[in-house]
Amino acid sequence: MSTLRRVAIVGGVRTPFCRSGTLYADLSNLDMMSTALQGLVDRFELNGTHIDEVVGGAVVSHAKDWNLAREALLRTRLSPSTPGITLTQACGTSLQAALGIAAKIATGQIDSGIATGSDTTSDPPIVFTKKFAQRLATLTKQKTMMDKLRVFKGFSPGELAPQPPATAEPQTGLGMGQHCELMAKAWDVGRQEQDQLAFESHRKAAAAYAEGFLDDLLVPCAGVFKDNNLREDIRIEKLAELKTAFDKSEAGTLTAANSTPLTDGAGAVLLCSEDWARERGLKVQAYLAHGQHVGNDFVAGEGLLMAPTLAVAKLLKRSGLTFADFDYFEIHEAFAAQVLATLKAWEDDAYCRERLGWDGALGPIDRTKMNVKGSSIAFGHPFAATGARILGGLSKLIDANGGGRGLISVCTAGGMGVAAILEGAEAA
Amino acid sequence: MSETTPHALTDTTSLDLKDWRLEVDVEKIAWATFDRENESANALGRRPIEEFGRIIDFVEKAGSEGAVVGLALLSGKPKSFIVGADINEFAFLDTEAKVLDGVQPVNALLDRVEAMTVPVVAAIHGPCVGGGLELILACHYRVGTRDEKTKLGFPEVKLGIFPGFNGTARSIRQCGAVPAMQAMLTGSMIRASKARAQGFLDRLVDNPGQLRWAARKAILRKSKSKKAGGFKGLMAQWPARGFLASKMRSETAKKVREAHYPAPFRLIDLFEKHGGSYAAMKAQEPKAFAPLMVSETSRNLRRVFFLSEALKNEAPKGLNWKPLRVHVIGAGTMGADIAGWCVASGMEVTLQDLSPEQIETGIKAQGKLFKKRFKTKPLQAAAKARLIPDPEGTGLARADVVIEAIVEKLEIKQALFKDIETKLKLGAVMASNTSSLQIEDIAEPLNDPGRLIGIHFFNPVAQMPLVEIVRGGQSRDSEVEKGAAFVNAIGKYPLIVKSVPGFLVNRVLAPYMMGAMGRVDAGEDKEKIDEAARAFGMPMGPIELADTVGLDVCANVGQILGLQNAVEGAGRLVEGGKLGKKTGEGFYVWKDGKPVKTAEKPFAKRELETLGRELVEPLIGEAQKVLDEGVVRDADLVDAGVIFGTGFAPFRGGPLHFKSTEAEGGPPSSTSSPQTTQSAQAAE
């Protein structure tokens with residue numbers, strides 16, 4: 001391999017996001033992912049086109065969707081020769097998919113790829129208890145009626161209790177909100193600053209809508225044109241009145257409004273080599289320059305959603321950049337407290353020295369450059385789709401700005417952080 | 001696609017197929033794909049039927065020799081299955097004998113399909129209607145996609161006929177008398193899930209990719225569709241059949257007059273006499289069908305179908321522009337209803353008005369439409385979310401189409417467009433819904449006057465199929481074309497008209513209504529006038545129509561056309577605040593949304609006929625003037641505009657057509673040939 005190729009981002013689209021159980025109540029991940037993919041196909045005129053791979057997945061997924069990405073692309077007008085890979089990395093899924101595609105494009109293994117993600121908690125996979133499932137599996141192997149009956153020896157009706165998907169961390173048994181509540185306490189993140197961040201997220205997202213920034217990023221789905229979590233009329237006083245959601249004691253600070261709700265939706269981003277884009281007359285919006293993911297030891301007590309601090313530190317070290325080199329910061333807002341704890345950690349000398357191995361604090365980031373078009377608290381957060389949303393939005397932002405550099409940081413369940421750097425043409 | 005075997009018997013090249021493809025796969029399943037050459041949709045014309053006959057010959061022989069185990073029918077068109085018989089060819093069937101000669105071989109062919117010893121399975125995605133539905137009913141099993149595009153139906157009544165390929169007998173046998181007759185009498189489209197429930201389809205799959213495999217499974221398992229039995233089957237037998245027939249007759253009579261639209265009544269007669277026996281129904285169907293097919297009514301209704309296609313073609317094909325967002329300024333009845341209709345057509349609409357209360361009222365009024373249009377709660381909620389109150393006009397800059405529907409005052413409209421023209425997105429359509437002002441005048445102060453067009457909707461928006469696209473003297477062609485494309489996108493018929501007072505529809509209606517009102521002034525019975533117009537075939541009498549539209553609105557239109565003071569009686573009513581339906585009294589007293597009429601007056605039929613003809617004369621005369629002045633491109637478009645804009649008796653084929661056939665002393669020997677290069681279809 002002589003040199004690495006630049007990885008172009010042509011653009012992204014997503015369905016509008018909807019709070020679970022509302023406007024997408026009748027849809028599945030397959031429906032939404034294929035809608036997002038077809039939206040991308042329509043936008044960039046890819047009917048009948050072979051794409052070297054479609055990579056993505058869903059966090060809350062049915063066993064029957066064992067290769068969701070392939071099934072979804074088969075329902076679009078992409079050429080059926082396009083292979084599909086399903087992977088998940090919780091909330092980092094579609095960003096991770098893009099990083100994998102980017103690596104293959106850079107090394108010349110592929111020329112084009114689509115990173116995608118979808119999630120719905122409106123269509124949850126409900127399974128039987130393990131014991132009952134084992135009986136059913138055994139049942140299919142039995143030949144005689146007596147053998148079949150024997151399978152149910154010792155059966156108790158309790159085995160039939162349906163098992164919904166768990167939203168808690170398997171290792172700790174705590175939900176995301178409970179973990180984030182711990183982080184808020186550890187980093188002394190107050191209620192008011194969380195509410196303020198949530199407020200700003202909605203205001204910025206509403207402004208982005210009003211100016212039409214989102215129009216070509218959204219593909220209507222099931223008659224929906226707009227994220228239904230977004231509140232244009234949000235008032236900071238109203239936010240302050242809400243009860244806490246996870247820690248109901250005096251000490252709790254996280255509310256339904258400064259946390260992301262369960263959300264349904266899907267997104268997709270087209271990546272390719274510069275040659276591939278040129279051959280098709282597609283304009284490159286931005287380049288995916290660097291990526292990094294890493295986990296932390298939350299099981300031993302580190303903050304579950306603090307891993308992005310590590311991923312970003314590694315990424316900066318490798319790229320030789322500092323916060324001052326960035327025009328945009330896309331810090332995914334799983335919870336306002338998680339964003340604020342992350343920012344505080346980067347500003348904390350001791351943490352950065354001991355945990356990140358830096359000489360001192362990475363420094364503050366310019367908050368006016370952060371999530372300038374709103375983020376997950378306003379739009380909602382269908383786990384696997386969020387990376388695609390951020391990639392599409394930031395690429396467009398860089399393109400509209402005529403260049404620049406943006407940092408993406410996404411926290412995930414399971415104590416991981418995924419980060420990436422996007423650049424305009426001249427920055428590289 | 002499937003693997004084809006090299007076996008000699010499976011060499012299908014000798015069949016010389018152009019509109020079909022036939023291949024036999026490794027499992028000996030024959031796949032017949034209907035894919036008409038040089039057409040965007042599959043209509044069952046003469047050639048495709050002949051080729052299908054050769055396919056059946058082949059499969060019969062190969063089946064008996066064990067070389068083929070089944071036949072699957074697919075469509076090669078991505079969006080539709082079979083859109084019906086080829087209406088272009090109907091014109092040649094001008095005698096009953098020719099009709100009988102035409103259907104006989106098709107019916108014999110379908111009998112052979114039904115009698116095939118190997119399974120015949122149809123796999124349907126997209127619309128399958130008319131003759132297409134008759135064809136699949138002769139198959140042994142039917143698989144369809146659970147997709148909103150997949151719709152079945154018998155639209156034949158809309159062409160003045162009923163199914164003539166033994167579809168009457170087969171649908172009743174398959175689904176039972178009630179759903180089958182309902183489908184044939186109303187001509188309405190049936191969604192896939194309902195078609196499955198009624199028995200038209202046997203199995204549903206989620207997407208087109210699965211169709212082939214479901215068809216394969218049905219063939220290998222020799223699946224047979226279950227015919228309507230039990231209670232459903234009983235409905236076709238006495239005494240239920242007699243009861244049903246009379247019930248259908250009275251229901252149909254509520255909608256159409258037998259004298260104008262005989263087809264549904266002949267179908268009910270056929271069912272009443274022979275519906276109990278499959279064989280008799282099959283044998284008698286052609287005899288009842290043939291006279292309808294050659295009737296003037298059917299000829300004219302076919303003409304109306306072609307006219308509707310001509311209207312759709314007002315927008316150029318392949319325009320790479322898809323309107324998604326609409327901004328409506330003015331939330332009065334018209335503005336709000338336009339907004340609601342666009343939302344119901346899947347678009348997002350921002351509705352602007354100076355008064356937030358007016359916006360709220362306007363939005364609330366759309367609830368009924370959304371409930372009717374969308375069947376599930378999420379879809380209804382999504383529709384509501386797409387209709388956005390926008391007192392500040394923030395949607396303006398993002399809209400693909402901006403429609404103004406504010407007060408009819410020139411200066412106000414001029415100021416509005418002057419203000420907004422710089423705020424619009426590049427390429428967005430800028431239109432006024434004005435009915436009384438000149439587009440040229442409104443555009444006068446603009447920086448880019450060529451951008452302004454008129455998009456003139458009729459009230460009530462949801463019911464009126466026509467929308468006039470007004471080409472001002474200053475309007476650019478590209479904007480007019482986009483306007484027409486937008487109207488197509490919301491499922492209405494666009495008619496491009498020159499910017500003259502009253503455009504086309506109001507202009508031809510006004511002298512007709514004024515004339516009728518003048519007769520009332522002269523002492524004629526208003527109820528007799530209305531009844532005469534209805535007997536002629538108008539959907540509503542002119543006096544009742546005037547009351548419905550509002551006498552103030554009529555006066556206003558009259559003024560625009562320079563007809564003011566023509567009607568004294570109406571003037572007095574307006575002065576007295578009696579504006580018609582909306583105030584509870586006009587010419588009629590209105591109760592519960594209906595005019596109070598004296599019970600059944602015995603008007604002489606001949607008298608009504610004469611009066612009816614006299615009543616429409618001003619309309620016909622004005623239509624001729626409209627043509628002479630070139631308000632629309634040609635005579636067919638005049639007829640199209642008048643039929644879809646005023647409801648002018650469709651079975652008469654339009655005012656100019658009616659006049660010319662009348663002058664010839666009867667129906668013309670052949671209808672004007674359709675100008676469409678596209679194959680015409682029975683499906684809508």
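This is a tour of a predicted model with two chains in contact, A and B, taken one selection at a time.

Residues are numbered from 1 along each chain as its sequence is written, while chains are lettered from A and ligands numbered from 1 in the order in which they are written. Because the model is predicted, local features need pLDDT of at least 70 and side-chain atom pairs count only at pLDDT 80 or more, whereas totals for chains, interfaces and linings use all residues.

**Stop 1: a helix of chain A**

Select residues 29-43 of chain A, which form helix α1; helices here are DSSP runs of H or I with at least four residues, strands are runs of E with at least two, and both are numbered from the N terminus. The 15 residues of α1(A) reach 21 Å from the first C-alpha to the last, close to the 21 Å expected at 1.5 Å a residue, where the expected span is 1.5 Å times one less than the number of residues. Of these 15 residues, 13 are buried, so α1(A) is largely enclosed by the rest of the structure. A residue counts as buried if 20 or more other C-beta atoms lie within 10 Å of its own, as exposed if 12 or fewer do, and as partly exposed in between, with C-beta atoms placed from the backbone. Just after this helix, look for A:Glu45, which takes a positive phi of about 50 degrees.

**Stop 2: a buried strand and its partners**

Next select residues 405-412 of chain A, strand β9, where eight of the eight residues are buried, so this strand too is largely enclosed by the rest of the structure. In a regular strand the side chains alternate between the two faces of the sheet. Here A:Arg405, A:Leu407, A:Ser409 and A:Cys411 point one way, while A:Gly406, A:Ile408, A:Val410 and A:Thr412 point the other way.

Add residues 328-331 of chain A, strand β8, which pairs with β9(A) in the parallel sense over four bridges; two strands pair if DSSP finds at least two bridges between them. A:Glu330 stands opposite A:Ile408. Then add residues 416-423, strand β10 of chain A, which pairs with β9(A) in the antiparallel sense over eight bridges, with A:Ile421 as the bridge partner of A:Leu407. The strands β9(A) and β10(A) form a hairpin with three residues between them, and A:Gly414 in the turn has a positive phi of about 80 degrees.

**Stop 3: a helix of chain B with two sides**

Move to chain B and select residues 410-420, helix α17, in which B:Lys413, B:Phe417 and B:Ile420 are buried. Seen down the helix axis, the buried residues fall within an arc of 70 degrees (taken from the directions from the axis to the C-beta atoms), so they line one face of the helix. An α-helix has 3.6 residues a turn, so residues three or four places apart point the same way. On the other side of α17(B), B:Glu411, B:Ala415 and B:Asp419 are exposed.

**Stop 4: an open sheet of chain B**

Now display the open sheet of eight strands in chain B, whose order is β12-β11-β10-β13-β14-β15-β16-β17 and whose pairing is mixed. The edge strands are β12 (387-389) and β17 (493-498), each of which pairs on one side only. Within this sheet, five bridges join β10 (residues 325-329) to β11 (residues 348-352), which run parallel, and B:Arg325 stands opposite B:Glu348.

Key: Contact = placed C-beta atoms within 7 Å.
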